[in-house]
Amino acid sequence: MRIAELYARPEPTVSFEFFPPKSDEAEAALFRETIPELQRLKPAFCSVTYGAGGSTRDRTLRMVARVRREFGIEAMSHLTCVGSTREQLGDVLDQARELGIENILALRGDPPRGETTFKPTAGGFGHAVELIGFVKARKHFAIGGAFYPEGHIECGDKQLDWDRAAAKVEAGADFLISQLFYDANDFLECADYLRNRRGVKVPIVPGVLPFLSAEQIKRFTSLCGAKLSAELLKRLESLAHDDEAVRQLGVEVCTDLCRRLLDAGAPGIHVYSLNRVPSTRELLTNLGLGK
Ligand SMILES: Cc1cc2nc3c(=O)[nH]c(=O)nc-3n(C[C@H](O)[C@H](O)[C@H](O)COP(=O)(O)OP(=O)(O)OC[C@H]3O[C@@H](n4cnc5c(N)ncnc54)[C@H](O)[C@@H]3O)c2cc1C
């Protein structure tokens, strides 16, 4: 099923994101323990990230196909431009189609580890919008694009970056999923701009990350440029050596964030699950979802 259709349902569309583990053993454990637990929360769909430079290509596609086949949950493969020519990206899409995959989150990708700027591969794409057009031309997939409520870290002007999100929809994106953020106002301002100033009509979905440790959330936000309020930083500092307390704080903060966004009409929430169960389960329980 195409994910755009799932967002048309009246109830909030809840999705979980996984990353491909590094080993076959860890993948087996994810499918044996984690995904069955998360399946009980009745996600509308799951998505699987695409590692730097296509390093996880086979595992990403295999995991998406397995989630659909073994759990009957709709699933989406992420795909990035990093390190691939158009021909190679076409091969990945052919492979996805053969596996029955119908949903692609089309991204530029981050620079490979050790590099600070993104350099397009010769014969490949420089921006996600080009990949979106390329996937669209194949007429087989529903397509998601990424957007950044606070503006993308490489773009000094957040409205310009939001215009680029609107361009993704013009190029064929059927829905947009956001980068993590912790201030609901950032999301609401961006969604308002996209809807009312740029005429975007597709679902605009918040991506939320219930963080697991103080060190982790500081690293993630410094990598993507999302801000943490002074108050949240203070609370993180006071709990910094108690990972369980920080995990619970992550659930509390995301619960408040999601309540506000759902009340304001967000079509669902995309949870960065980090391949873990407890925070995702507690978040959905608090929201009265996933029953
Ligand atoms: C929901 C979500 C899932 C993600 N999953 C993955 C994943 O699986 N694997 C992974 O490696 N990364 C993933 N990322 C991270 C993403 O790859 C990075 O944030 C990356 O830096 C930008 O990707 P993009 O698709 O938004 O790129 P783009 O839309 O190409 O934007 C990148 C930069 O280029 C600028 N730009 C865009 N279009 C133009 C243009 N026409 N001219 C000039 N500048 C332009 C933008 O303003 C921005 O600064 C994900 C991000 C999100 C939000």
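**Loop contacts, helix packing and the ligand shell**

Leaving out residues up to four places away in sequence, Thr56 touches Pro20, Tyr50 and Gly51. The model described here is predicted. Thr56 sits in the loop between strand 2 (45-48) and helix 3 (57-71). Thr56 has 20 other C-beta atoms within 10 Å. A residue counts as buried if 20 or more such atoms lie within that radius, so Thr56 is buried. Lys22 is 34 residues from Thr56 along the chain, yet their C-alpha atoms are separated by 8.5 Å.

A second threonine, Thr80, belongs to strand 3. Thr80 is buried, because 25 other C-beta atoms lie within 10 Å. Its contacts, leaving aside neighbours within four places in sequence, are Tyr50, Leu107, Arg108 and Gly109. Tyr50 thus appears in the contacts of Thr80 and in those of Thr56. Gly51 is 29 residues from Thr80 in sequence. In space the two are 8.4 Å apart, C-alpha to C-alpha.

The ligand is surrounded by 23 residues. Thr49, His78, Arg108, Ala128 and Ala146 are the closest. Five elements each supply at least two residues of this shell. They are strand 3 (74-80), strand 4 (103-107), helix 5 (128-137), helix 6 (158-171) and strand 6 (175-178). By residue class, the shell divides into nine nonpolar, nine polar and five charged residues. Arg108 is among the closest residues to the ligand and is also a contact of Thr80.

Helix 5 and helix 6 supply residues to the ligand shell and also pack on each other. Two packed helices are described by the angle between their axes and the distance between the axes. For helix 5 and helix 6 the angle is about 10° and the axes are 9 Å apart. Helix 5 is therefore roughly parallel to helix 6. The crossing is right-handed. On the helix 5 side, the contact is made by Ala128, Val129, Ile132, Gly133 and Lys136. On the helix 6 side, Arg164, Ala167, Lys168 and Ala171 take part. The residues of this contact divide into five nonpolar, one polar and three charged. Ala128 thus has a place in the contact with helix 6 and among the residues closest to the ligand.

The buried residues of helix 5 are Ala128, Val129, Leu131, Ile132, Phe134 and Val135. These buried residues pack against helix 4 (86-98), strand 4, strand 5 (142-147) and helix 6. Among them, Ala128, Val129 and Ile132 also take part in the contact with helix 6. Lys139 follows helix 5 and has a positive phi, near 60°.

Helix 6 also packs on helix 7 (residues 184-197). Their axes come within 10 Å and cross at roughly 55°. Helix 6 and helix 7 are therefore oblique to each other. The crossing is right-handed here too. From helix 6, the contact takes in Gln159, Trp162, Ala165 and Ala166. From helix 7, Cys190, Tyr193 and Leu194 contribute. These residues divide into six nonpolar, one polar and no charged. In the contact of helix 5 with helix 6, by comparison, three residues are charged.

Positive phi values also occur in loops. Lys42 lies in the loop between helix 2 (24-39) and strand 2. Its phi is near 50°, a positive value in a residue other than glycine. Lys42 counts as exposed, because it has 12 C-beta neighbours inside 10 Å. Asn275 lies in the loop between strand 9 (268-272) and helix 11. Phi of Asn275 is near 60°, again positive in a residue other than glycine. Asn275 has 18 C-beta neighbours inside 10 Å and so counts as partly exposed.

Helix 11 (residues 278-287) contains Thr285. Thr285 has 14 C-beta neighbours inside 10 Å and therefore counts as partly exposed. Thr255 is 30 residues from Thr285 in sequence and 9.4 Å from it in space, C-alpha to C-alpha.

How values were computed
Residues numbered from 1 in each chain as written. Predicted model: local features only at pLDDT ≥ 70, side-chain atom pairs only at ≥ 80, totals over all residues. Near = placed C-beta within 6 Å. Helix = DSSP H or I, 4+ residues; strand = E, 2+ residues; numbered from the N terminus. Nonpolar A, V, L, I, M, F, W, Y, C, P; charged D, E, K, R; others polar. Axes fitted to C-alpha atoms, helices over the stretch in contact; angles between N-to-C directions. Parallel < 35°, antiparallel > 145°, perpendicular 65-115°, else oblique. Left-handed = near helix turned anticlockwise from the far one by under 90°. Contact = placed C-beta atoms within 7 Å.
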